[in-house]
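Visitor: I have a structure open and would like to go through it with you. Could we start with the charged contacts and then move on to other topics?

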Amino acid sequence: RKFELEKRSAELFKKVPQTQNSYSTIKPFWGNTTANEWLWDGKILRPRWNVDPRFAWTFDGETVKPFYGNNIYEQYSWDGETFKPVWRTNRAQEWSWDGKILKPLWDTDWANQYKIEDGVIRPWSNVHPEREWQLDGDIPVPLIILIISGIALPE
């Protein structure tokens with residue numbers, strides 16, 4: 001009371017910018033949604049209910065890589081249209097995005113071609129509703145590829 005510490009701390013608290021954390025999530029519509037839900041905070045993609053850093057990924061706008069560790073074979077490049085491994089060739093992990101359809105670059109199976117509409121990622125052919133994902137917020141396309149392709153696993 002003598003130094004009016006409560007008053008001073010209240011004034012200092014008002015000066016601190018109040019930002020609201022904005023998180024985006026992606027999870028499957030069907031199946032075990034709790035175990036497969038992912039959280040993106042603008043810097044790190046991680047499973048929502050598992051904070052182990054070994055399952056987290058980072059994305060700087062060009063490169064997707066694990067948050068923990070330095071395995072160069074798990075680094076992927078993104079040029080705005082093509083997602084592919086940086087230090088190796090693996091045709092099964094190369095994807096493309098033309099602004100409408102998200103698909104593996106070397107696979108012609110329609111069941112593996114996805115469209116993103118109104119917060120839903122669904123197979124283009126509508127034959128496999130069990131592969132639908134719910135998207136809340138904004139998650140970069142390469143991170144969506146990382147999850148729906150199964151490259152990133154929650155555990």
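Visitor: Which residue forms a salt bridge with Arg91, and how far apart are the closest N and O atoms?
Guide: Before any distance is quoted, please note that this is a predicted model. In it, Arg91 forms a salt bridge with Glu94, and the closest N and O atoms of the two are 3.5 Å apart.

Visitor: And Glu94, is that buried or exposed?
Guide: Glu94 counts as buried because its relative accessible area is 7%, under the 20% limit used for that class. Its partner Arg91 is partly exposed, with a relative accessible area of 46%.

Visitor: Where does Glu94 lie along the chain?
Guide: Glu94 lies in the loop between S7 and S8, and its C-alpha atom is separated by 5.5 Å from that of Phe83, a residue 11 positions away along the chain.

Visitor: How many salt bridges does the structure hold?
Guide: The structure holds four salt bridges. One of them joins Arg48 to Glu37, with 2.9 Å between the closest N and O atoms. That pair links distant parts of the chain, since Arg48 is in the loop between strand S3 (44–47) and strand S4 (57–59), while Glu37 is in the loop between strand S1 (24–28) and strand S2 (38–40), and the two are 11 residues apart.

Visitor: Of Arg48 and Glu37, what is the accessibility of each?
Guide: Arg48 counts as partly exposed, at 33% relative accessibility, whereas Glu37 is buried, with a relative accessible area of 8%.

Visitor: Which residue does Arg54 form a salt bridge with?
Guide: Arg54 forms a salt bridge with Asp52, where the closest N and O atoms are 2.6 Å apart. Arg54 itself counts as exposed, because its relative accessibility is 54% and the exposed class begins over 50%.

Visitor: Let's switch to pockets. How much space lies in the largest pocket?
Guide: The largest pocket holds about 210 Å³ of space, and 15 residues line it. Those nearest its centre are Arg54, Trp57, Pro66, Glu74 and Ile151, so the Arg54 that pairs with Asp52 in a salt bridge turns up again here.

Visitor: What is that lining like by class?
Guide: The lining of the largest pocket has eight nonpolar residues, four polar ones and three charged ones.

Visitor: What about the outside, which residues form a nonpolar patch on the surface?
Guide: The patch is formed by Ile72, Tyr73, Val86 and Trp87, which together have about 400 Å² of accessible area. Trp87 is found in the loop between strand S7 (82–85) and strand S8 (95–97), and at 53% relative accessibility Trp87 counts as exposed.

Visitor: Now helix H2, how many of its residues are buried?
Guide: Helix H2 covers residues 141–148 and is mostly covered, with eight of its eight residues buried. These buried residues are Val141, Pro142, Leu143, Ile144, Ile145, Leu146, Ile147 and Ile148.

Visitor: What happens just after H2?
Guide: Just after H2 comes Gly150, which takes a positive phi of about 90°.

Visitor: Which residue other than glycine has a positive phi near 50°?
Guide: That is Asp118, whose phi is near 50°. As a general point, most residues other than glycine have a negative phi. Asp118 is found in the loop between strand S10 (114–117) and S11, and at 83% relative accessibility it counts as exposed.

Visitor: And what about Val120, where is that found?
Guide: Val120 is found in strand S11, which spans residues 120–123, and it counts as buried at 11% relative accessibility. The C-alpha atoms of Val120 and Gln134 are separated by 4.8 Å, although the two residues are 14 apart along the chain.

Visitor: One last topic, Arg122. How far apart in space are Phe29 and Arg122?
Guide: From C-alpha to C-alpha, Phe29 and Arg122 are 9.8 Å apart, with their positions 93 residues apart in sequence. Phe29 lies in the loop between S1 and S2 and counts as partly exposed, at 32% relative accessibility.

Visitor: What separates the C-alpha atoms of Arg46 and Arg122?
Guide: The C-alpha atoms of Arg46 and Arg122 are separated by 21 Å, and the residues are 76 apart along the chain. Arg46 lies in strand S3 and is partly exposed, with a relative accessible area of 25%.

Notes:
Residues numbered from 1 in each chain as written. Predicted model: local features only at pLDDT ≥ 70, side-chain atom pairs only at ≥ 80, totals over all residues. Heavy atoms only, no water. 1 Å grid on protein atoms, 1.4 Å probe; cavity = no way out; pocket = protein on both sides within 12 Å on 5 of 7 lines; lining within 4 Å. Points joined across faces, edges and corners; volume = space filled by probe spheres on them. Nonpolar A, V, L, I, M, F, W, Y, C, P; charged D, E, K, R; others polar. Patch = residues over 30% accessible without salt bridge, like charges linked within 9 Å, V, L, I, M, F, W, Y side chains within 5 Å. Areas by Shrake-Rupley, 256 points an atom, 1.4 Å probe, with all protein chains shown as cover. Salt bridge = Lys/Arg side-chain N within 4 Å of Asp/Glu carboxyl O. Helix = DSSP H or I, 4+ residues; strand = E, 2+ residues; numbered from the N terminus. Buried < 20%, exposed > 50% of the residue type's maximum accessible area, 1.4 Å probe, protein only.
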